Amino acid sequence: MSVDPFIEAEKSAGHSVKRACVLLKVSRTAYYARRNGSPVPGKCKTRS
């Protein structure tokens, strides 16, 4: 389940993205990377 729609809704309502990320235990770096279509640091590695 992605928390991005919830964070976007909070942002649209004028609430803090930082606070939403803290409550949902998501890094802001990962949130903004996914939002911008960039690879998330640490998620590019594949396991053998």
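**Exercise 1. State the order of secondary structure elements along the sequence, and say how many helices and strands there are.**

Solution. Reading along the sequence of this predicted model gives the pattern α-α-α. The count is 3 helices and 0 strands. The protein has 48 residues, of which 23% count as buried.

**Exercise 2. Determine how H1 and H2 are oriented to each other, and which residues meet.**

Solution.
- Step 1. Take the geometry: H1 and H2 pack at an angle of about 150°, and their axes are 9 Å apart.
- Step 2. Apply the cut-off: an angle over 145 degrees counts as roughly antiparallel. H1 and H2 are therefore roughly antiparallel to each other.
- Step 3. Add the handedness: the crossing of H1 past H2 is right-handed.
- Step 4. List the residues. H1 contributes Phe6, Ile7, Glu10 and Lys11, and these meet Val17, Ala20, Cys21 and Leu24 of H2.
- Step 5. Sort them by class: the contact of H1 with H2 has 6 nonpolar residues, no polar ones and 2 charged ones.

**Exercise 3. Do the same for H1 and H3: find their relative orientation and the residues that make the contact.**

Solution.
- Step 1. The packing angle of H1 and H3 is about 95°, with 11 Å between the axes.
- Step 2. Angles of 65 to 115 degrees count as roughly perpendicular, and H1 and H3 are therefore roughly perpendicular to each other.
- Step 3. On the H1 side the contact is made by Asp4, Ile7, Glu8 and Lys11; on the H3 side, by Tyr31, Arg34 and Arg35.
- Step 4. By class, the contact of H1 with H3 divides into 2 nonpolar, no polar and 5 charged residues.

**Exercise 4. Classify two acidic residues of H1, Asp4 and Glu10, as buried, partly exposed or exposed, and name what each touches.**

Solution.
- Step 1. Asp4 lies in helix H1. Its relative accessibility is 17%, so Asp4 counts as buried, the limit being under 20%.
- Step 2. Leaving out residues up to four places away in sequence, Asp4 touches Tyr31 and Arg34.
- Step 3. Glu10 is also found in helix H1. At 23% relative accessibility, Glu10 counts as partly exposed.
- Step 4. With the same exclusion of residues up to four places away, Glu10 touches His15 and Ala20. Glu10 and Ala20 are 10 residues apart in sequence, and their C-alpha atoms are 7.2 Å apart in space.

**Exercise 5. Find the buried side of H3, what covers it, and what lies on the face turned away from it.**

Solution.
- Step 1. H3 spans residues 28-36, and its buried residues are Ala30, Tyr31 and Ala33.
- Step 2. These residues cover an arc of only 165° around the axis, which puts them on the same side of H3.
- Step 3. The cover over the buried residues of H3 includes helix H1 (4-12) and helix H2 (17-24).
- Step 4. Thr29 and Asn36 are exposed residues on the face of H3 turned away from its buried side.

**Exercise 6. Describe the backbone at Lys25 and at Gly37.**

Solution.
- Step 1. Lys25 sits in the loop between H2 and H3. With 78% relative accessibility, Lys25 counts as exposed.
- Step 2. The phi of Lys25 is near 60°, which is positive although the residue is not glycine. Most residues other than glycine have a negative phi.
- Step 3. Gly37 follows H3 and also has a positive phi, near 80°.

Definitions and conventions. Residues numbered from 1 in each chain as written. Predicted model: local features only at pLDDT ≥ 70, side-chain atom pairs only at ≥ 80, totals over all residues. Heavy atoms only, no water. Buried < 20%, exposed > 50% of the residue type's maximum accessible area, 1.4 Å probe, protein only. Helix = DSSP H or I, 4+ residues; strand = E, 2+ residues; numbered from the N terminus. Arc of directions from axis to C-beta. Contact = heavy atoms within 4.5 Å. Axes fitted to C-alpha atoms, helices over the stretch in contact; angles between N-to-C directions. Parallel < 35°, antiparallel > 145°, perpendicular 65-115°, else oblique. Left-handed = near helix turned anticlockwise from the far one by under 90°. Nonpolar A, V, L, I, M, F, W, Y, C, P; charged D, E, K, R; others polar.
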